[in-house]
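Here is a short report on a ligand and the protein around it. Keep the structure in view as you read.

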Amino acid sequence: MSAYHIRGGRKLHGEVDVAGSKNAALAIMSAVVLAEGTTILHNVPNVSDTRTKASLLEVFGAKVQWREGSLLIDCSRLHDGEADEEMVRSIRTSFYLLGPLVARIGFVTLPAPGGCKIGARPVDLHVKGLLALGAELELSEGRYTVRAKELRGSEIYLDVPSAGATQHLMATATLAKGITVIQNAAIEPEVTALAEFLNRMGANVEGAGTSTITIQGGAKLEPCGFTIPSDRLQAGTYLLAGAITGGDVTVKGIIPDNQTAVINKLREVGAELIEGPDWLRVKAGTNMKGVRIKTMPYPGFPTDMQQPMSAFLTICEGVSVVEETIYESRIGHVQELNRMGANILQEGRTSIINGVARLRGATVSASDLRAGAALVLAGLAAEGESFVQNIHFIDRGYDDLVGTIRSLGGDITRIQTQEKRGKVGETLH
Ligand code: EPZ
């Protein structure tokens, strides 16, 4: 197993370019199957989730080629396939393939999805929407079988503005004959990015970025070239790395409008945020104070930034109250942060964080992607050495974390841990 060895206490300074959005790329990589021919995606983040998704596409007949950060995906000839259960359960967006594949080839089987252990993560809204579009679904022994002779447009109301369900159904509806209207749709930037991609392929999607999306379906879609927008969650994480270490960090190649909640909360804490047209600079304040955070669907405070933000708040003066309203158990970071000297009381979905003067290095374990990111931030701020284990979770969503943090002056190394001795072995690089 790999781990990060971090020597904390260094202020991070400098500029980083942010990679393409994992969550936008994963949704778009499902939609590429809608068109025959080769789509070229630029600025695809090289993370384990996108690599897994590429392998999954190949199971269904796509030909995938990575070429210097671009992904060429040829979906000329697709067929049903026996996707490996482990692979499918490792990424939740495997599920978003069902609709586009059944719209294209009429029949597909897929194991039920997985994803990070942060909550139940139901797919009832996805299923409800596919049925409304005329697909037949059957779930037996943990595998979905989906059939559709012809998909037809429909009105779909989402009980929860689910990003995934909005993306999945919007893409599928582009091949359904007639008009589909998705009510209470998610307005996350990754939904808007997918709509732009679909329209680039010749679809007719209107209203993305609002809670009502209208899709005029049925046109034949053509493959295209598309550049994945930057990852607002990686950007937010590196801004917090600057803030938690008392440093001065600029993230470039981003869309500041996608970071409103994080910008405002960092300013409320007492950090200085300077905004450019496609960059953001954070300068840590001298006495930063705790705040209240309540995660909400976009444009509210993003649930994916809750754990990294909580790590930062552990060393902000006074009491912070962090309420996670999207997932029922996005709390894998709390116990581990307390091992580093944080003072967090967890009451259900709410963390009550009493700020401490400093964290102390420790050996901690990541339980999911963003909890892992939170532990890295804490290690960078802590006095002494930290070892963050189970970093395969972090590999899901952060490409070149070591290189990025080192470029800001952080001391982090990826190492191999010897399971049996529980000790840390030689340095990998
Ligand atoms: C996407 O997950 C992201 N993943 C998540 O990021 C992110 O946390 C989440 O959106 C919310 O912003 C990807 O884009 C790959 P949801 P998704 O459907 O689409 C409920 C990360 O760290 N719901 O918007 O699966 C669900 O229980 C990952 O990058 C239903 O009730 O999230 C949750 O409470 C973690 N029924 C809420 O909606 C459904 O059918 C939001 O889930 C679907 C969802």
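An oxygen atom of the ligand lies 3.1 Å from an N or O atom in the side chain of tyrosine 96. This is a predicted model, so the distance is computed from predicted atoms. Two further contacts involve the backbone of the protein. An oxygen atom of the ligand is 2.8 Å from a polar backbone atom of alanine 163. For isoleucine 326, a polar backbone atom is 2.6 Å from a ligand oxygen. The table sets these contacts side by side.

| Residue | Part of the residue | Distance to a ligand oxygen |
|---|---|---|
| Tyrosine 96 | side chain, N or O atom | 3.1 Å |
| Alanine 163 | backbone, polar atom | 2.8 Å |
| Isoleucine 326 | backbone, polar atom | 2.6 Å |

How much of the ligand's accessible area does the protein cover? On its own, the ligand has 810 Å² of accessible area, and the protein covers 89% of it. The ligand sits in the largest pocket.

Now look at the shell. It holds 24 residues around the ligand. The closest are Arg92, Asp124, Ser162, Asp304 and Ile326. Sorted by class, the shell has 10 nonpolar, 6 polar and 8 charged residues.

Which helices supply at least two residues each? They are α1 (22-31), α5 (124-132), α6 (163-173) and α12 (369-381). The largest share comes from α5, with 3 residues.

Why does the ligand lie between two domains? Domain 1 covers 2-19 + 230-428, and domain 2 covers 22-227. Both give residues to the shell, so the ligand lies between them.

Two details of the backbone are also worth finding. Start with proline 299, in the loop between β17 (292-294) and α10 (306-313). A cis peptide bond joins tyrosine 298 to proline 299. Its omega is about 5 degrees.

Then turn to asparagine 43. This residue lies in the loop between β3 (38-42) and α2 (48-59). Asparagine 43 is not a glycine, yet its phi is positive, at about 65 degrees.

Terms used. Residues numbered from 1 in each chain as written. Predicted model: local features only at pLDDT ≥ 70, side-chain atom pairs only at ≥ 80, totals over all residues. Heavy atoms only, no water. Near = heavy atom within 4 Å. Polar contact = N/O pair within 3.5 Å; in protein donor to acceptor, adjacent residues only side chain to side chain. Areas by Shrake-Rupley, 256 points an atom, 1.4 Å probe, with all protein chains shown as cover. 1 Å grid on protein atoms, 1.4 Å probe; cavity = no way out; pocket = protein on both sides within 12 Å on 5 of 7 lines; lining within 4 Å. Sits in = over half its atoms within 2 Å of the grid points. Helix = DSSP H or I, 4+ residues; strand = E, 2+ residues; numbered from the N terminus. Nonpolar A, V, L, I, M, F, W, Y, C, P; charged D, E, K, R; others polar. Domains from an automatic or database assignment.
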